[in-house]
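Subject: Structure for you to look over

Dear colleague,

I am handing over the structure below, and I would be grateful if you could read the notes that follow with it open beside you. They go through what was found, element by element.

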Amino acid sequence: MRRSLGCILTSIALAAGLLPLFGCATTPSDATDPAENEATPTSEASSEAIDAPVTPSTTGALHVEGAQLVGEHGEVAQLRGVSTHGLAWFPQYVNQEFFTELRQDWNANVVRLALYTSESGGYCTDGNQGELEALVQNGVDFATQADLYAIIDWHILSDANPLQHLESAKAFFAQMSEAFSGNNNVIYEICNEPNGDATWADIKAYANEVIPIIRANAPDAVIIVGTPTWSQGVDEASADPLAFDNVMYALHFYAATHQQDLRDKLSAAISVGLPVFVTEFGICDASGNGRIDYSSADEWIRLMDELNVSYVCWNLSNKDEASALFKPGCAKASGFTEDDLSAEGVWLQSVLRGEIP
């Protein structure tokens, strides 16, 4: 989230009093920002999700059943991977060699392409739309060649309410869903982090217009919808879900800020059948910087793995902040060693390889 330029349920009560999540994706400066059936996974399903390779070539096109993301044969499919930072600011990591490295060395199976809509260089402000569209399209192509799933992320943040750029979103997703209508690996995330005064009613109104645009070209694609309060409001979505199939709902967390209360909210949402996808998380605080909380981060990973919830970690950059996966002095765009990784990068690589927690 930062703004400058990733077996068994128990009954858990919803917790009140969430801290606001200032997403961890920032603008280029260093300013901080401030799922019908209950689907309790069995231990057998959980083991399958973790042990079997979940990739487009083996699992195929994904869809949603109850609260679970599943493959084309109905097997549980958990995605675990990484998100770019803003494509306008850190485009160098969108390359074939690195995406192949993510799959083969890091053991990731999904990459998220974060297209900022606002901020300097944003798609709906002063960014070069042609160049940004090419970055997204190249990113999907590289992911496809690397056997990764790809999330196309309409990264609203400072613009707060997705209705602000509704017409631009409709045009963008019409273009992308047409371009990738034949792909089995593309997921559409239509609003990263609604926040401020944006209500669930606003988000539903936006989604009810954008989803049919995508469905016209990609009728079975999985679509992820952000939730209120920087995508922490999955309780509001579970109380009044959208009337579309193959839709999931975003939850975002930063481990040093968002702890047991938000973990309880995730568990409660899954227990009533809401399909949740953690499309962005970090192990530092909600600014995308500050202290790292390994204990809370490990608790989050244990819970998400237990529930077969997919997750994507923020962010692929060498920005001087705790949520960046590479050290500030690292100028590489591929071929990374452990010495090139930040503390979060070392931790994440171990998680994706199954070494921790």
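In what follows, a residue is called buried when its relative accessible area is under 20%. Please keep in mind throughout that this is a predicted model.

I begin with helix H5, where Leu 166, Ala 169, Lys 170, Phe 172, Phe 173, Met 176 and Ser 177 are buried. Because a helix should advance 1.5 Å a residue, the 14 residues of H5 (residues 166-179) should span 20 Å, and this agrees with the 20 Å that separates its end C-alpha atoms. As for what lies against this helix, its buried residues pack against strand S6 (110-116), helix H4 (129-145), S7, strand S8 (186-189) and helix H6 (200-217).

Strand S7 covers residues 149-155, and since seven of its seven residues are buried, the strand is largely enclosed by the rest of the structure. Both of its faces are covered, with Tyr 149, Ile 151, Asp 153 and His 155 buried on one side, and Ala 150, Ile 152 and Trp 154 buried on the other. S6 and S7 run parallel and are joined by seven bridges, with Val 111 standing opposite Ala 150 of S7. Between these two strands the chain passes through H4, in a β-α-β crossover that is right-handed. S7 also pairs with S8, again in the parallel sense, over four bridges, and here the bridge partner of Ala 150 is Val 186 in S8. The chain gets from S7 to S8 through H5, and this β-α-β crossover is right-handed.

Within S7, Asp 153 deserves a separate look. Is this residue buried or exposed? Its relative accessible area is 0%, so Asp 153 counts as buried. The side chain of Asp 153 makes a polar contact, at 2.5 Å, with the side chain of His 155. Leaving out residues up to four places away in sequence, Asp 153 touches Arg 112, Leu 113, Ala 114, Leu 115, Glu 189 and Asn 192.

Turning to the nonpolar interior, the largest nonpolar core has 93 residues, and those with the most contacts inside it are Phe 173, Tyr 188, Ile 190 and Val 225. H6 contributes the largest share of this core, seven residues. In soluble globular proteins, nonpolar side chains tend to be buried together. Tyr 188 has a long list of neighbours beyond four places in sequence, including Ile 152, Phe 173, Met 176, Phe 180, Ile 214 and Ile 223. Apart from the largest core lies another, of 16 residues, among them Leu 62, Ile 187, Ile 224 and Phe 277.

Finally, there is a residue in helix H3 (residues 96-104), namely Gln 96, which at 25% relative accessibility counts as partly exposed. Although Gln 96 and Asp 141 are 45 residues apart in sequence, their C-alpha atoms are 8.6 Å apart in space. When neighbours within four places in sequence are set aside, Gln 96 is in contact with Asp 141, Phe 142, Gln 145 and Ala 146, and a polar atom of the Gln 96 side chain lies 3.1 Å from the backbone oxygen of Phe 142.

With best wishes

Note on methods
Residues are numbered from 1 along each chain as its sequence is written. This is a predicted model: local features need pLDDT of at least 70, side-chain atom pairs count only at pLDDT 80 or more; totals for chains, interfaces and linings use all residues. Side-chain values use heavy atoms; hydrogens and water are left out. Buried means under 20% relative accessible area, exposed over 50%, partly exposed in between (1.4 Å probe, protein chains only). A polar contact is a pair of N or O atoms within 3.5 Å; within protein, one must be able to donate a hydrogen and the other to accept it, and residues adjacent in sequence count only if both atoms are side-chain atoms. Contact means heavy atoms within 4.5 Å. The expected span of a helix is 1.5 Å times one less than its number of residues. Two strands pair if DSSP finds at least two bridges between them. A crossover is right-handed if, with the strands pointing away from the viewer, the path from the first strand over the helix to the second runs clockwise. A nonpolar core is a set of buried Ala, Val, Leu, Ile, Met, Phe, Trp, Tyr and Cys residues joined through side-chain atoms within 4.5 Å.
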